[in-house]
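Visitor: I would like a close look at a single part of this model. Please start with its surroundings and then zoom in.

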Amino acid sequence: MPLQKPKLVLLPGLDGTGELFCDFVSALSDAFDVTVVRYPIDACLPYTQLAEFVDAAVPATEPFVLLAESYSTPLAIQYAASGPANLKGLILCAGFASSPVKGWMRSACFLMAPIVFRIPSPRFAVRFLLVGWKAPASLLALVGRVKSLSHSGVPSDRLRQVIACDVREELSRVLVPVLYIRARQDRLVREKCVKEILEIHPETAVATVSGPHLILQREPRLTAEIVAKFIEQVG
């Protein structure tokens with residue numbers, strides 16, 4: 001009887017489509033049983049309702065590891081805090097336990113959120129904020145295609161959720177091993193977000209990878225190796 005593959009469930013970033021995981025999943029090879037959660041592209045649901053998508057995707061009894069990217073990290077923290085018996089580890093990639101922006105910037109971003117995604121993003125902005133200056137044209141094209149899938153208003157509403165989020169109390173109740181994958185040149189989620197997580201959950205392991213916010217997309221092989229090693233350790 002063949003050995004059961006380790007199970008990994010992926011929660012997507014702000015786009016919610018899961019399409020941006022394609023190269024990362026390929027880099028994991030077929031050694032893992034990977035499930036990509038996909039959120040509706042025509043409706044912005046609160047984290048409480050998105051939790052239903054997580055519940056539907058995770059294994060009922062088999063052990064698994066949950067990986068969340070950026071927008072989904074508060075949701076993953078909330079899920080892990082509920083104490084699922086078969087959850088073996090939590091991976092937060094470019095994530096946060098509370099709003100990545102503070103003070104007056106938080107208020108300004110909240111007010112600007114409705115118009116941010118209604119304006120076409122110039123390529124230099126995508127490179128500067130998301131994929132880095134040396135990103136291949138194929139990644140730029142993928143980001144553009146994924147952005148076009150979301151209905152008007154959905155990304156803006158999700159950005160507002162990010163700005164308003166606060167799951168610090170839930171993070172303090174997470175008992176499984178936690179790995180944080182930090183993008184060294186992340187211009188959206190700064191190092192202070194990692195420090196906050198470490199203050200609340202000091203046992204969190206941190207793997208720093210040189211690259212931009214979309215680090216799983218820019219460095220799929222390297223991050224896949226990091227994730228594989230973590231799964232081996234917690235399995």
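Guide: Here is the sheet, then the helices that cross it, then one loop residue. Keep in mind that this is a predicted model.

Start with the sheet. It is open and has six strands, in the order 2-1-3-4-5-6. The pairing is parallel. Strand 2 (33-36) and strand 6 (205-209) are the edge strands. Each has a single partner strand, so one side of each is left without a neighbour in the sheet. From one strand to the next, the twist averages 20 degrees.

Now look at the edge formed by strand 2. Strand 1 (residues 7-11) pairs with strand 2 over four bridges, in the parallel sense. Within this pair, V9 sits opposite T35 of strand 2.

Next come two helices. Helix 3 (residues 73-81) lies across strand 1, strand 3 (64-69) and strand 4 (87-93). It runs at about 160 degrees to strand 4. Helix 9 (residues 191-200) lies across strand 4, strand 5 (178-183) and strand 6. Its angle to strand 5 is about 165 degrees.

Follow the chain on from helix 9. The loop between helix 9 and strand 6 holds T204. Is T204 buried or exposed? Its relative accessibility is 7%, so T204 counts as buried; the cut-off for buried is under 20%.

What is T204 in contact with, leaving aside neighbours within four places in sequence? The list is V178, L179, Y180, I197 and L198. The side chain of T204 also reaches the backbone oxygen of H201, at 2.9 Å. Finally, take V176, 28 residues from T204 along the chain. The C-alpha atoms of these two are separated by 9.7 Å.

Methods: Residues are numbered from 1 along each chain as its sequence is written. This is a predicted model: local features need pLDDT of at least 70, side-chain atom pairs count only at pLDDT 80 or more; totals for chains, interfaces and linings use all residues. Side-chain values use heavy atoms; hydrogens and water are left out. Two strands pair if DSSP finds at least two bridges between them. Axes are lines fitted to C-alpha atoms, for helices over the stretch in contact, and angles run from 0 to 180 degrees between N-to-C directions. Contact means heavy atoms within 4.5 Å. Buried means under 20% relative accessible area, exposed over 50%, partly exposed in between (1.4 Å probe, protein chains only). A polar contact is a pair of N or O atoms within 3.5 Å; within protein, one must be able to donate a hydrogen and the other to accept it, and residues adjacent in sequence count only if both atoms are side-chain atoms.
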